[in-house]
Amino acid sequence: MTKYFIQLNDRVVPYGEATIHVGSAAMKYAASVFEGIRGYWDAGRQRLHLFSLSEHVDRLLDSMKIMGMEHDWSKERVIRNIHNIIMVNRLQEDCYVRVAASVEADGPLESKGPVLLSAAAFPMQRKPHADQGIHISVSSWQRISDHMMPPRIKCIANYQNGRLALLQAKSDGYDNTLLLNQNGKIAEAPTAAFFIVKNGMLITPAVTSGILESITRRHILNWAKKLGLPADERELDRTECYLADEAFLCGTGAEILPVVSVDRYELGCGRIGPVTALLMRQYFDAAYIREQSLEPSVEDIVIYPKEEIENADAALPI
Ligand SMILES: Cc1ncc(COP(=O)(O)O)c(C=O)c1O
């Protein structure tokens with residue numbers, strides 16, 4: 001990682017110099033929001049596909065708005081910086097872009113700016129166990145709800161909630177965990193949305209259940225429609241998960257991560273089920289823009305051909 005450069009506002013700096021002051025509101029009060037975007041390297045066509053870039057930048061701007069940041073970052077400028085850091089780092093493999101907006105002021109809790117926009121891009125592979133499925137628990141930590149913190153955006157302070165749940169789950173021997181919301185219904189995992197499959201029907205908690213408005217979840221619901229798979233966004237009980245035929249987590253980092261047990265209740269036959277497998281194939285068909293892939297996500301993939309990456313006149317580190 002340390003060999004990669006980082007974009008800080010309009011400058012590019014070496015990894016070790018991409019710092020923010022301990023007195024900043026970002027450090028003191030977690031006044032920071034972020035996005036993660038995956039890039040897929042198409043080895044056959046020698047090009048990088050940046051997946052759902054436009055939607056991620058829209059959500060970053062929504063996060064900045066809700067967290068009261070005063071800034072003059074337009075969508076086009078944010079995209080330009082992301083583009084620049086990919087070029088500077090000459091990425092030609094599967095990768096991840098992390099873009100964050102952080103209040104830099106050494107001011108009080110309600111400080112609104114100035115806002116530092118950072119963008120990092122580095123290689124990233126699949127999650128462990130994606131090919132066998134994972135074992136998850138239901139956490140005793142409750143998911144934050146919209147009257148406490150805004151779960152629908154990517155404010156970094158939100159992640160302390162998921163972190164506590166994940167620490168507990170890992171020490172209890174699980175790979176991941178689900179948090180219940182204030183009504184005792186399933187919300188989501190610490191960094192991923194959640195679906196079950198029951199009698200051929202996909203079921204996922206609604207966006208009012210205390211979840212991040214996941215872009216991957218939205219793609220899956222669109223693909224389900226095109227594939228003729230019935231899908232429902234509704235309240236989901238804990239015990240429905242125990243009786244599910246299949247389940248999976250989904251998200252930019254998680255991609256589609258099959259779940260084979262919940263609280264040690266085995267799902268279906270304890271292996272990746274056919275609907276999950278179908279959606280996993282569709283996910284990678286879309287990410288690598290294969291012929292058989294379904295719209296609409298393909299329209300939202302930005303393509304960087306190898307020659308463009310190698311010959312880019314990107315900003316040089318100062
Ligand atoms: C809390 C949380 N929920 C869900 C997701 C999945 O969202 P997306 O599909 O937009 O990456 C993420 C990952 O970004 C997340 O951090």
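**Note on the predicted model**

1. Leaving aside residues up to four places away in sequence, L249 is in contact with N176, A189, A192, A193, F194, A254, L257 and V259. The model is a predicted one, and the points below should be read accordingly.

2. L249 also belongs to the largest nonpolar core, which has 84 residues. Together with F195, A247, C250 and V259, L249 is among the members that touch the most other members of this core. Domain 1 (5-125 + 299-311) and domain 2 (134-272) each contribute residues to the core, so it lies between them. V259 thus appears twice in this account: as a contact of L249 and as one of the core residues named above.

3. The ligand is surrounded by 14 residues, and the closest of them are L212, S214, T216, G251 and T252. By class, the shell around the ligand holds eight polar, four nonpolar and two charged residues. Helix α5 (residues 215-227) supplies three residues, the largest share of this shell.

4. Helix α3 covers residues 75-88, 14 residues in total. From its first C-alpha to its last, α3 reaches 20 Å, close to the 20 Å expected at 1.5 Å a residue. Its buried residues are V78, N81, I82, H83, I85, I86, M87 and V88. After α3 comes R90, which has a positive phi, near 50°.

5. Two further residues with positive phi deserve a check of the backbone. The first point concerns A30, which is not a glycine and has phi near 60°. A30 sits in the loop between α1 (25-29) and β3 (32-42). Is A30 buried, exposed or partly exposed? There are 17 other C-beta atoms within 10 Å of A30; since a residue is buried only at 20 or more and exposed at 12 or fewer, A30 is partly exposed.

6. Q46, likewise not a glycine, has a positive phi of about 50°. Q46 is placed in the loop between β3 and β4 (47-50). Because Q46 has 13 C-beta neighbours inside 10 Å, and the exposed class ends at 12, Q46 counts as partly exposed.

7. Which residues does a cis peptide bond join? The bond lies between G113 and P114, with omega about 0°. P114 is located in the loop between β5 (95-103) and β6 (115-123).

Definitions and conventions. Residues are numbered from 1 along each chain as its sequence is written. This is a predicted model: local features need pLDDT of at least 70, side-chain atom pairs count only at pLDDT 80 or more; totals for chains, interfaces and linings use all residues. Helices (H or I, at least four residues) and strands (E, at least two) are DSSP runs, numbered from the N terminus. The expected span of a helix is 1.5 Å times one less than its number of residues. A residue is near a molecule or strand if its C-beta atom, placed from the backbone, lies within 6 Å of it. Ala, Val, Leu, Ile, Met, Phe, Trp, Tyr, Cys and Pro count as nonpolar, Asp, Glu, Lys and Arg as charged, and the others, Gly among them, as polar. A nonpolar core is a set of buried Ala, Val, Leu, Ile, Met, Phe, Trp, Tyr and Cys residues joined through C-beta atoms within 7 Å. Domain bounds come from an automatic or database domain assignment. Two residues are in contact if their C-beta atoms, placed from the backbone, lie within 7 Å.
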